[in-house]
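Open the model in your viewer and keep the sequence panel beside it. This tour goes from one selection to the next and says what is there.

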Amino acid sequence: MVWGLIGQVHAVVSSLGLDLFSLVLGIVIGFGCATQLHRPELVHNFLGSFRQQFDKEEEDAGSGSVGNAVALPEVDAEYKPSHNYRDAAEEVVGRVLKEAMEPLSSWTNFSSANNVSAYKKEIGGQSMPVVRCESVIQATPLVCLHYLWDISVIPKLDPFLKRAECLEYLDNQARIMYTETKPRALIAPRNFVVLQQIKAVGAGYLFSACSVAHNDLERVEGKGCVHGTVRFVGWLFEPCGEDSCNVKYVISVEVNGPQGQLPGWALALAVKDQPALSKNLSALVATYQPFDQDLGEMTERLCARAEQATDELLAVAEGDGWDLVLRKHNVDVYKKEDEELTHKFKGVGVVPVPPNFLLKWLKDISQRRKWDKMVRQHRVVEDMGETRVEYFEMQAARCLVTRSRDFCVVTKHKVFGDTHVVAAVSVEHPRCPISKHSVRGDLKCSGWVWKPMNMARHSQATYVVQVDVRGGIPKSLADHVTVKQPLCVHYIGEFLKLEFQEALYQEQKLQRAKSTVGDASGESFLQRVGSSMTLRRASTEHVLPRPRHSDPTP
């Protein structure tokens, strides 16, 4: 009933050419100012009941429970980090292994219960000792690793955590996480931004973490939190039988800072709580059920679906029935009416880089947040060459839709003559379980279609979005958010224009160096990206002066 009324109001507002967000904001502010002095409880009750109804409808329509049958994560035995945090990642691995392998003669035992032996070691100048817990868990090292890497079970592993949110996936074995503890009596909550990494160590596996800086802290930080520091955290799993492993857990943190100091009794309590994590992990792995579906058969089915999606996307992008609804940043945004809940939009514009250069950056999902500000995280779940299974989470800014939407999709790149297609469509995958923290959306056949123009110097691009955001949101409100997504044609163009200029700048320097030593061999950058533009023209039009990066904001 609530959403039906809002939908009717939005239809009237749209017919008058007004912006719904501005109108609602004005009404709420006016209502609040008029009643705050006399009846402040009215404002509180109104907004509280509205939010409660909204959250309930989203939860009922978009979330679900997760079964215990899971596919285990893939860990590359030859993995070496190549992300910007690689130095910190390598350093924390060394520190964790050093503490985990150190003889117990330098440690003091303070607990032996629930099959967990706990030790501590005082370090001068640190408010809390280093803690080390040892146990044997009846599960393989890879099963134990899965329950540490699965964000959805973190509250069960550590019940003192209030929030655990991924800020960025650096690759399939490294990510940046934000965690926040629950407040206790007279104690402010602590929060941490940490780099987490998994890797193979001998016949076992290592999970390690340490504090790092990240730009998203201000966006997610809770009010009243004291920022703590994780010097190192590590879990080392080593096989000791057919279905069991030795587990060593080490942790060193600093929870005191300029914003707040913990009393001695609170620090002692935090140390005492650490062995419970090993106990909780043992209880979690006891619920594990292997994924019994044939992964080879599933891969074939996913590849076939991705192949079909490329044909469907090309037909949709070039088909009829689209109505122009917005023209902004030299991008024409079209809408196709649909009686169902699917929201269908496409944006058409020019991306000022060659087609192959655009392809390179569309495949590099680690850079997506630089041109799509709605994306909170994006990672590859399974790589099958030109076909991949990907997971991404999106959150709209300044919107009544408070819960994020996440998607598990299969993607594929295919070339039709001189036309490139990168298609994506929702699928189910055992490594992408439904999370209670997000509403799982349904992405119909969507993606990018582009072809060369201006002698292959630029790309004529079309970005198609067909999505059911679910969660009980009225179609009119979801349209208000989704219509902006095709503007990514502009934002990726602004981002890649600078990247392309930088690449040309570096190419010019290389060619000058080669000409100095008389070496003219090798394929030029422009040949690699498929552009017919000559280097001479590039050097006069694009290279000098060296470009500076900006951050385009939708």
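A polar contact is a pair of N or O atoms within 3.5 Å; within protein, one atom must be able to donate a hydrogen and the other to accept it. Keep that cut-off for the first stop. Note too that this is a predicted model.

**The whole chain**

Start with everything shown as a cartoon. The protein has 15 helices and 23 strands. Of its 554 residues, 51% are buried. Now think about contacts between residues at least 6 apart in sequence: 64% of them join residues at least 24 apart.

**Stop 1: E134**

Select strand 4, residues 130-137, and pick out E134 in it. Show side chains. Which side chain does E134 join through a polar contact of 2.7 Å? The partner is R132. Next, show the residues that E134 touches, leaving aside those up to four places away in sequence. They are L104, N115, V116, S117, V247 and K248.

**Stop 2: two loops with positive phi**

Select N114. This residue sits in the loop between strand 2 (108-113) and strand 3 (116-121). Its phi is positive, about 55 degrees, although N114 is not a glycine. Is N114 buried or exposed? With a relative accessible area of 52%, N114 is exposed, because the cut-off for exposed is over 50%.

Jump to M455. The loop here runs between strand 22 (446-453) and strand 23 (458-468). M455 is another residue other than glycine with a positive phi, in this case near 60 degrees. M455 has a relative accessible area of 54%, so it counts as exposed.

**Stop 3: cysteines**

How many disulfides does the structure hold? It holds 0. A disulfide is a covalent bond between the sulfur atoms of two cysteines. Select C245 and C144 to see why this pair does not qualify. The sulfur of C144 is the closest cysteine sulfur to that of C245, yet the distance is 3.7 Å, too far for a bond. The cut-off is 2.5 Å. C245 is buried, at a relative accessible area of 0%. Add C133 to the selection: C133 is also buried, with a value of 0%.

**Stop 4: helix 5 against helix 9**

Keep C144 selected and show helix 5, residues 141-149, with helix 9. Their axes lie 10 Å apart and the packing angle is about 110 degrees. Helix 5 is therefore roughly perpendicular to helix 9. From helix 5, V143, C144 and Y147 make the contact; from helix 9, L281, L284 and V285 do. By class, the contact has 6 nonpolar residues, no polar and no charged.

**Stop 5: helix 8 against helix 9**

Stay on helix 9, residues 275-285, and add helix 8, residues 264-273. The two axes come within 4 Å and cross at roughly 30 degrees. That angle makes helix 8 roughly parallel to helix 9. Select V271, K272 and D273 on helix 8, then P275, A276 and L277 on helix 9, to see the contact. Coloured by class, the contact shows 4 nonpolar and 2 charged residues, with no polar ones.

**Stop 6: helix 12**

Finish at helix 12, residues 475-482. Why is helix 12 described as largely enclosed by the rest of the structure? Because 6 of its 8 residues are buried. Select S476, L477, A478, D479, V481 and T482 to show the buried residues of helix 12.

Key:
Residues numbered from 1 in each chain as written. Predicted model: local features only at pLDDT ≥ 70, side-chain atom pairs only at ≥ 80, totals over all residues. Heavy atoms only, no water. Buried < 20%, exposed > 50% of the residue type's maximum accessible area, 1.4 Å probe, protein only. Axes fitted to C-alpha atoms, helices over the stretch in contact; angles between N-to-C directions. Parallel < 35°, antiparallel > 145°, perpendicular 65-115°, else oblique. Contact = heavy atoms within 4.5 Å. Nonpolar A, V, L, I, M, F, W, Y, C, P; charged D, E, K, R; others polar.
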